[in-house]
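Thanks for coming. I will go through one structure, a piece at a time, and put a few questions along the way.

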Amino acid sequence: MAYAIHPILDQLCQAFPACFSRSAPQPLKIGLGEELLALVGDHPALADLSRTQIRRALKVYTGASAYRKALAKGGPRYDLDGQPTGEVTPEQQVIARTPRPKPPAPEPGPEPFPATGYLKMSLKRRI
């Protein structure tokens with residue numbers, strides 16, 4: 001099932017503006033994803049979202065360069081209400097500063113053949 005993540009992120013930003021921001025993200029509390037998943041079905045803003053959609057949206061949000069920069073700066077982590085809960089550790093700051101590995105380039109394969117099952121046919125005249 002294909003769906004767009006950015007509308008889901010916008011929905012999270014509207015439902016929890018003290019926690020989520022696309023323009024100025026702040027470090028999220030450890031375990032915040034589990035809290036969000038527990039709210040599925042109870043919170044009206046999350047009623048139409050699946051657990052998988054929320055997990056994928058959080059992965060995109062926390063993988064964004066702006067969020068990683070916020071982690072690299074350090075400081076407090078925030079819960080859904082925007083209250084400070086915990087701190088970003090120096091180890092987490094170092095991890096946020098390290099460049100993300102690029103996926104390996106696909107290996108060049110053999111030259112593609114024409115469509116599978118392709119047979120060269122010729123027309124012959126009947127006498």
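A residue is called buried here when its relative accessible area is under 20%. What you see is a predicted model.

Take the cysteines to begin with. Is Cys13 buried or exposed? Its relative accessible area is 15%, so Cys13 is buried. Cys19 is buried too, with a relative accessible area of 1%.

How many disulfides are there in the whole structure? A search finds zero. A disulfide is a covalent bond between the sulfur atoms of two cysteines. For a pair to count, the two sulfur atoms have to be within 2.5 Å. The cysteine sulfur closest to that of Cys13 belongs to Cys19, and at 9.0 Å this is too far for a bond. Seen from the other side, Cys19 is in no disulfide, and its nearest cysteine sulfur is that of Cys13.

Next, helix α3. This helix covers residues 51-63, which is 13 residues. At 1.5 Å a residue, α3 should span 18 Å, and its end C-alpha atoms are indeed 18 Å apart, so expectation and model agree.

Which residues of α3 are buried? They are Gln53, Ile54, Ala57, Leu58, Tyr61 and Gly63. As background, an α-helix has 3.6 residues a turn, so residues three or four places apart point the same way. The buried residues of α3 pack against three helices: α1 at 6-15, α2 at 32-39 and α4 at 65-73.

Gly63 deserves a separate word. This glycine lies in α3, and it counts as buried because its relative accessibility is 19%, against a cut-off of 20%. Which residues does Gly63 touch, leaving aside those up to four places away in sequence? The answer is Arg68 and Arg100. Arg100 is 37 residues from Gly63 along the chain, yet their C-alpha atoms are separated by 9.2 Å.

Arg68 takes us to α4, where it is one of the residues that meet α5. Two packed helices are described by the angle between their axes and the distance between the axes. For α4 and α5, the latter being residues 90-97, the axes come within 7 Å and cross at roughly 145 degrees. The crossing is left-handed.

Which residues meet there? From α4 come Arg68, Leu71, Ala72 and Lys73, and from α5 come Gln93, Ile95, Ala96 and Arg97. Sorted by class, this contact has four nonpolar, one polar and three charged residues.

That is the end of the walk-through.

Conventions:
Residues are numbered from 1 along each chain as its sequence is written. This is a predicted model: local features need pLDDT of at least 70, side-chain atom pairs count only at pLDDT 80 or more; totals for chains, interfaces and linings use all residues. Side-chain values use heavy atoms; hydrogens and water are left out. Helices (H or I, at least four residues) and strands (E, at least two) are DSSP runs, numbered from the N terminus. The expected span of a helix is 1.5 Å times one less than its number of residues. Buried means under 20% relative accessible area, exposed over 50%, partly exposed in between (1.4 Å probe, protein chains only). Contact means heavy atoms within 4.5 Å. Axes are lines fitted to C-alpha atoms, for helices over the stretch in contact, and angles run from 0 to 180 degrees between N-to-C directions. A crossing is left-handed if the near helix is turned anticlockwise from the far one by less than a right angle, and right-handed if clockwise. Ala, Val, Leu, Ile, Met, Phe, Trp, Tyr, Cys and Pro count as nonpolar, Asp, Glu, Lys and Arg as charged, and the others, Gly among them, as polar.
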